[in-house]
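Visitor: I'd like a close look at one small part of this model. Could you walk me through it?

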Amino acid sequence: MTRFVAWYNTEHRHSAIRYVTPEDRHFGREGALLARRHQVYQRAKARHPERWSRDTRDWTPAGPVRLGPSPNLTPAVQELKRIG
């Protein structure tokens with residue numbers, strides 16, 4: 001279990017938080033990582049526009065996320081709680 005938790009927090013990139021690790025997010029590295037990725041994607045799109053039919057991936061920080069929202073809340077109420 002210890003190895004899994006270490007991998008999950010330090011290596012696994014989570015789609016819900018824009019493919020950064022929980023550790024990167026926790027220690028404030030998320031913004032810089034996502035900015036670099038955005039630059040890489042913009043350069044790739046400029047070099048080969050024929051490969052891109054739409055905009056690149058959204059690399060802005062994900063904002064607050066929650067684990068296991070209450071099952072008693074409707075999706076609309078969950079969204080209102082999420083955005084504050």
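Visitor: Which side chain does the side chain of E30 join in a polar contact?

Guide: That would be R25: a polar contact of 2.9 Å joins the side chains of E30 and R25. Keep in mind as you look that this is a predicted model. To find your way around, start at helix 3, which covers residues 30-47 and is where E30 sits. Next, ask how much of E30 is open to the outside. Its relative accessible area is 10%, and because buried means under 20%, E30 counts as buried. As for what lies around E30, set aside the neighbours within four places in sequence, and the residues in contact with E30 are I17, V20, D24, R25, P61 and A62. So R25 turns up on that contact list as well as in the polar contact.

Now move back along the chain to the loop between helix 1 (2-10) and helix 2 (22-26), where you'll find R18. Y19 has its place in the loop between helix 1 and helix 2 too. Check the backbone here: R18 has a positive phi of about 65 degrees, though it isn't a glycine, and Y19, also not a glycine, has a positive phi of about 65 degrees. Why point that out? Most residues other than glycine have a negative phi. On accessibility, R18 comes in at 22% and is partly exposed, while Y19, with a relative accessible area of 33%, is partly exposed as well. Both values fall in the partly exposed range because that class runs between the 20% and 50% cut-offs.

Conventions
Residues numbered from 1 in each chain as written. Predicted model: local features only at pLDDT ≥ 70, side-chain atom pairs only at ≥ 80, totals over all residues. Heavy atoms only, no water. Helix = DSSP H or I, 4+ residues; strand = E, 2+ residues; numbered from the N terminus. Buried < 20%, exposed > 50% of the residue type's maximum accessible area, 1.4 Å probe, protein only. Polar contact = N/O pair within 3.5 Å; in protein donor to acceptor, adjacent residues only side chain to side chain. Contact = heavy atoms within 4.5 Å.
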